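Trainee: Could you take me through one part of this model slowly, as you would at the bench? I would like to look closely at a helix and at what surrounds its residues.

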Amino acid sequence: MLELYSKVEDRTPFVTVALQECERMNLLCEELRRSLQELELGLKGELTINAEMEDLQNYIMMDAVPPSWTKRAYPSELGLNSWFTDMLYRINELSNWTADFNLPSSVWLGGFFNPQSFLTAIMQQTARKNEWPLDKMCLYCEVLRKTKEEITSAPREGAYINGLYMEGARWDVQTGCIMDSRFKELFPLLPIMYIRAITQDKQDLKNMYECPVYKTRSRGPTYVWTFNLRTKERASKWILGGVAILLQI
């Protein structure tokens with residue numbers, strides 16, 4: 001972490017988020033390393049096997065994430081194998097970002113321990129630039145007709161985000177609004193979304209559905225934010241359908 005801090009010249013809100021995410025990832029990796037090393041020594045007979053080691057071994061055999069790891073991690077419903085692969089993706093995203101601390105061309109919102117902090121940083125960055133009061137600002141969301149591969153650079157303001165899934169409906173690129181789900185399409189991937197900060201007096205809620213964003217399918221305590229998405233139907237239809245955006249499926 002000292003090496004990362006030494007590379008920072010201007011500690012912008014985005015840089016602060018990156019550093020906080022790295023700190024939390026380091027804590028998680030340290031716990032994985034410590035517990036696995038202890039288990040290895042126990043299996044070799046160099047340490048006495050205790051209840052914690054037995055639990056760790058059992059969880060690994062059942063392809064489940066041990067509680068001591070989830071306590072330091074992020075909400076997830078994945079099995080251990082998929083969870084570990086997902087963690088490696090997160091580490092890779094952080095490594096690429098902190099190489100020069102320039103905002104990535106598109107940001108994987110689901111890859112954060114705390115996605116709210118990144119969305120708040122978008123408002124903080126704009127507030128600092130325009131000298132606007134933070135409590136008078138909100139986020140404007142625009143779903144683009146582009147995929148992650150088509151985005152080559154970050155926007156001047158705000159951020160492009162990827163890796164969002166819809167449940168209960170889908171986004172129609174042609175009409176630019178929410179539509180009914182297709183048969184057997186449970187979690188359609190949204191195109192790239194452009195998020196930027198605006199003042200609340202410029203917010204237009206006409207023909208909009210206030211779509212809740214959650215980290216996982218369990219919803220509830222994993223609530224992140226509310227994105228306003230364009231709709232031709234009444235918003236009540238999507239509310240009754242439980243339509244939401246998920247960061248992980």
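Mentor: Happy to. Let's begin with how far to trust what we see, since this is a predicted model. Among the elements of the protein, β10 has the highest mean pLDDT, 97, while helix α1 (residues 2-7) has the lowest, 66. Where pLDDT is low, the predicted coordinates should not be read in detail. Across the protein the average pLDDT is 91, and 97% of the residues score at least 70.

Now to the helix I would pick, α5. This helix has 19 residues, and from its first C-alpha to its last it reaches 27 Å, close to the 27 Å expected at 1.5 Å a residue. Its buried residues are Leu80, Trp83, Asp86, Met87, Arg90, Leu94, Trp97 and Thr98. Look down the axis of α5 and these buried residues fall within an arc of 120°, so they line one face of the helix. The general rule behind such a pattern is that an α-helix has 3.6 residues a turn, so residues three or four places apart point the same way. Turn to the other side of α5 and you meet Asn81 and Tyr89, which are exposed.

Two of those buried residues, Arg90 and Trp97, are good starting points for the surroundings. Arg90 lies over the face of Tyr74, at 3.5 Å from the ring centre. Tyr74 also takes part in an aromatic pair, and a search of the whole structure finds nine such pairs. In this one, the ring centres of Tyr74 and Phe113 are 5.2 Å apart and the planes sit at 70°; planes over 60 degrees apart count as edge-to-face, so that is the label for this pair. The two partners come from distant parts of the chain, 39 residues apart: Tyr74 belongs to the loop between α4 (67-70) and α5 (80-98), and Phe113 to the loop between β1 (107-108) and α6 (115-130). Both Tyr74 and Phe113 are buried.

Trp97 leads us to another group of rings. Together with Phe14, Phe112 and Phe118, Trp97 forms one aromatic cluster. Phe118 is itself one of the buried residues of α6, which also include Pro115, Leu119, Ile122 and Met123. As for the length of α6, its 16 residues should span 22 Å at 1.5 Å a residue, and its end C-alpha atoms are 23 Å apart, which agrees. Just after α6 comes Glu131, whose phi is positive, near 60°.

From here, let's step out to the strands. β1, which we met beside the Phe113 loop, belongs to an open sheet of four strands in the order β1-β3-β7-β2, with mixed pairing. β1 and β2 (137-143) are the edge strands, each pairing on one side only. β2 pairs with strand β7 (residues 193-199) in the antiparallel sense over seven bridges, and Tyr140 stands opposite Arg196 in β7.

Finally, have a look at strand β8 (residues 208-214), where six of the seven residues are buried. β8 pairs with strand β9 (residues 223-230) in the antiparallel sense over seven bridges, and Val213 stands opposite Trp225 in β9. β8 also runs parallel to strand β10 (residues 244-246), joined by two bridges, with Tyr214 opposite Leu246.

Technical notes
Residues numbered from 1 in each chain as written. Predicted model: local features only at pLDDT ≥ 70, side-chain atom pairs only at ≥ 80, totals over all residues. Heavy atoms only, no water. Buried < 20%, exposed > 50% of the residue type's maximum accessible area, 1.4 Å probe, protein only. Pairing = 2+ DSSP bridges. Phe/Tyr/Trp six-rings, centres within 6.5 Å; stacked < 30°, edge-to-face > 60°. Lys NZ or Arg CZ within 6 Å of the ring centre and 35° of its normal. Expected span 1.5 Å × (residues − 1). Arc of directions from axis to C-beta. pLDDT = per-residue confidence, 0-100.
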